[in-house]
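I opened this model to look up a few things around the ligand and along the backbone. My entries follow in the order I made them.

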Amino acid sequence: MTSVSQLARQISALEISSKPNTAGTRPPAAQHQKSASQSNVSKLLSKYAAPAPFQPTSTLHKASSASSVTNKPAPAQPVPSAKPALDIGRYDGGFELENETRGAAVTGEAAVELALDSSVAFERPTREWHLTDFDIGRPLGKGKFGRVYMVRTKTEPHYILALKCLYKSEIVESRVEKQIRREIEIQQNLRHPHVLRLYGYFHDEKRIFLMLEFAGKGELYKQLTKYGSFTEKRSSRYIDQMADALMYLHAKHVIHRDIKPENLLLGINGELKIGDFGWSVHAPGNRRKTLCGTLDYLPPEMVEGRDHSEKVDYWALGVLTYEFICGNPPFEDLSGHNATYRRIQKVDLKIPSKVSPEARDLIIRLLQYTPEQRIPLTEVRKHPWIVKYRSKGHSTSGLA
Ligand code: AMP
């Protein structure tokens, strides 16, 4: 099996490497790609080696072909040369099997809406991708709209990724074309150590494929289920990482709105990664009224259908802190949704005695009925319960 350190090296190679360019060859699957003015490898790297986190948001072209794109010349990028011995596990043929039985071709406006291909992304054109560009490994999981596999690019430097497949017809059936498109638009512009990277995407007649950062330790929710709850040390470090990621998102005017353990993944070093942007909203100076998110994590202003802001994520952070330490969300009421709503509206918070005074203080400061009274994220990161457990040199990773 691939060791954690091998993977760490590979994934860090997705960012800028300082080695000289020794590759620059076209991939074996070149017959599937349109000819381009620069080598695919350098384009691949210009896409991957773009860590600047505060670039302006770009919009996607609603186009099904790359013909309208002028590829900008990318600076020559260094390439790691040696092929590492990485085990991506065994492929079960799921993509092909499923493609025979699942989904139908999509036509009309929906087809245009879902013709998502990062090679035609407006701001940062990159190479065109195809399923044949990847060695496919073990299945990582199944989502609502398709499967996720561990894959490796066939061309050097053999990046390891998670490839997520979404069936267009099912997206259309669920009427979430716009939401999926928005999720992709948002995620492709985010670069933060605790936000899952979306490196690129491509589509065929029936499917959309997302090239995602590989979260080596899988779902955080599984860990929470396995252990029942987390120690305060572990919880504190996750909350520190969440606050860090949320500060980044809010600075880019992205409100997440669906923070919950099910939407969090763990990187190869056990570091937290926000991995789902389905309910995110890009709202510069905007206040939204749409009711969304999971009931247990909804703040009073959303339960009551009032305007809401990025402070909904502060509330969710408080719920998350409670759930990590106690093993269940604070306003859960098994007698039904209405009972949960009432408890949220009353901020009916009962914190078990096992919770330390510092953690209790942070939970109470986050779970304030009035959004403006919730402790700001900068203060969360300076809170004694967070500072107490933060490892030296700030690293927010190294968990699990
Ligand atoms: P989703 O469609 O996002 O719900 O993904 C289905 C499952 O695939 C998840 O529950 C994870 O177990 C797994 N998965 C999704 N994305 C990744 C990723 N980037 N890295 C590792 N596993 C993933």
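**Ligand site**

I began with the ligand and found one of its oxygen atoms 3.5 Å from a polar backbone atom of L140. This is a predicted model, and I read every distance with that in mind.

I then looked up K164. An N or O atom in the K164 side chain is 2.8 Å from an oxygen atom of the ligand. For A215 the partner on the ligand is a nitrogen atom, 2.9 Å from a backbone N or O atom of the residue. The protein covers 83% of the 480 Å² of accessible area that the ligand has on its own.

Where does the ligand sit? I find it in the largest pocket. Two elements, β1 (134-143) and β3 (160-167), give two or more residues each to the shell around the ligand. The largest share, four residues, comes from β1. There are 14 residues around the ligand, and those that come nearest are G143, K164, E213, A215 and E219.

**Helix α10**

I checked the length of helix α10, residues 311-326. Its 16 residues should span 22 Å at 1.5 Å a residue, and the end C-alpha atoms are 23 Å apart, so the two values agree. Is α10 mostly covered or mostly open? It is mostly covered, with 16 of its 16 residues buried. Just after α10, I noted a positive phi of about 95° at G327.

**End of helix α11**

K346 belongs to helix α11, residues 337-346. I count K346 as exposed because its relative accessibility is 61%, and exposed means over 50%. I also looked up its separation from Y369: the two residues are 23 apart in sequence, and their C-alpha atoms are 8.1 Å apart in space.

V347 is in the loop between α11 and α12 (357-366). Its phi is near 45°, a positive value in a residue other than glycine.

**Other backbone entries**

Which peptide bond is cis, with omega near 5°? I found it running from E156 to P157. P157 lies in the loop that joins β2 (146-153) and β3.

My last entry is H253, in the loop between α8 (232-251) and β7 (254-255). H253 is not a glycine, yet its phi is positive, at about 60°. Its relative accessibility is 40%, so I list H253 as partly exposed.

Note on methods:
Residues numbered from 1 in each chain as written. Predicted model: local features only at pLDDT ≥ 70, side-chain atom pairs only at ≥ 80, totals over all residues. Heavy atoms only, no water. Expected span 1.5 Å × (residues − 1). Buried < 20%, exposed > 50% of the residue type's maximum accessible area, 1.4 Å probe, protein only. Near = heavy atom within 4 Å. Polar contact = N/O pair within 3.5 Å; in protein donor to acceptor, adjacent residues only side chain to side chain. Areas by Shrake-Rupley, 256 points an atom, 1.4 Å probe, with all protein chains shown as cover. 1 Å grid on protein atoms, 1.4 Å probe; cavity = no way out; pocket = protein on both sides within 12 Å on 5 of 7 lines; lining within 4 Å. Sits in = over half its atoms within 2 Å of the grid points.
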